[in-house]
Amino acid sequence: MESPAAPPVPRPAGPRTELPITTAAPVKKQRRYAAAALSTVLAVAAALGAAAAVSAVGDRTKVLAIAHDVPAGQPLTDADIVVAEVSADAALTPMPATDRALVVGKRPAVDLRKGSLLVAAQLQPGTGLGDDKQQVGVQVKRGQAPAGSLVPGDKVLAVTVPGQGEQPTGKDGVEAPPTSVKAVVVSISRPDASGAVVVNLAVAPSDGPLLATRASSGRVALVRDVRSGS
C-alpha cells in the first residue's frame, strides 16, 4: 500500500523581490568612444594649424633692409642693402626687393641704422650729384670748418689756407683776398682721434682738379654759406 504524497510547502507571504536590470554601457566602451572623439579633434586642430602656417608664409613679402649703419648723404652701395622677408602689414611701407637696383647710388636724407627697413621717404631725390658736377674729398682739421654745423646739402666756400710763412699780397702790398671754390656738401665722415673729418664736396668740373690739389696739401678751410630762410 502506497504512502500518501507529502503536501506542498507553502511559499512565504510578502512582496516578491526582483533583481535590478543594468542598462548602462560598459565603462571600457565609453572610453573607446572618448578616445576616438579626442583623436578627431586633434586631427582637425593640426589641419587648421598647418593651413594657418601656409597662409602666413604666403602673406610674407620681400623688402629692402639696411646691412650696416649708413650716414646721411653717403651714397648707398649694393653691399649696404639686404633683402628681408616680413609679414604683409598695411602700416609698413618698406621698399620692395625689386627696387634694389634703383636704390643703389641714392643718398639717404637721414642716418640709416643696421637692421632697419628702407623706406622711400628716407632717400633724397636723385643722387645729389648732377652730371655736371665732380666730387672731391677734403680732409678738414679741427677749426677749419664750423664745428658740428655742416650737413649734406649745405653750400660752402672751400677757401685756400696760406702755407706757413705765406701771406698773399697784391701789387701794392695790400693783403689779397683768399681764393675760394664754391661747393655743396655731399657727405661728412665721423671725426677721427684728432677731430679731423673728411667732407665730400660737389664742385664744378673746372674746379675739381684745383680743389683736389689744394686738399692734398691740407690747406683747405670751409665756410658755410647762408642757408635758405636763415
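**Exercise 1. Which residue in strand 6 is the bridge partner of Ser-187?**

Before we start, a word on the model: it is predicted, so local features need pLDDT of at least 70 and side-chain atom pairs count only at pLDDT 80 or more, while totals for chains, interfaces and linings use all residues. Residues are numbered from 1 along each chain as its sequence is written, and side-chain values use heavy atoms, with hydrogens and water left out.

Step 1. Find the strands, which are DSSP runs (E, at least two residues), numbered from the N terminus. Strand 5 covers residues 180–188, and strand 6 covers residues 197–203.

Step 2. Look at the pairing (two strands pair if DSSP finds at least two bridges between them). Strands 5 and 6 run antiparallel and are joined by four bridges.

Step 3. Read off the partner: Ser-187 is bridged to Asn-200 in strand 6.

**Exercise 2. Work out what lies on the other side of strand 6, and how enclosed this strand is.**

Step 1. Strand 3 (residues 134–140) also runs antiparallel to strand 6, with seven bridges between them. Here Gln-135 has Ala-202 as its bridge partner.

Step 2. Now check burial (buried is under 20% relative accessible area, exposed over 50%, partly exposed in between, with a 1.4 Å probe and protein chains only). Strand 6 is largely enclosed by the rest of the structure, because five of its seven residues are buried. In the protein, buried residues make up 22% of the 230 residues.

**Exercise 3. Describe the surroundings of Val-83.**

Step 1. Place Val-83: this residue sits in strand 2 (residues 81–87).

Step 2. Classify Val-83: its relative accessibility is 41%, so the residue counts as partly exposed.

Step 3. List contacts (heavy atoms within 4.5 Å). Beyond its neighbours within four places in sequence, Val-83 touches Lys-62, Val-63, Leu-64, Ala-97 and Arg-100.

Step 4. Add a distance: Ile-66 is 17 residues away in sequence, and its C-alpha is 8.6 Å from that of Val-83.

**Exercise 4. Summarise the accessible surface and the contacts of the protein.**

Step 1. For the surface (Shrake-Rupley method, 1.4 Å probe), the total is about 16100 Å², and carbon and sulfur atoms hold 59% of that area.

Step 2. Among contacts with a separation of 6 or more, 65% link residues 24 or more positions apart.
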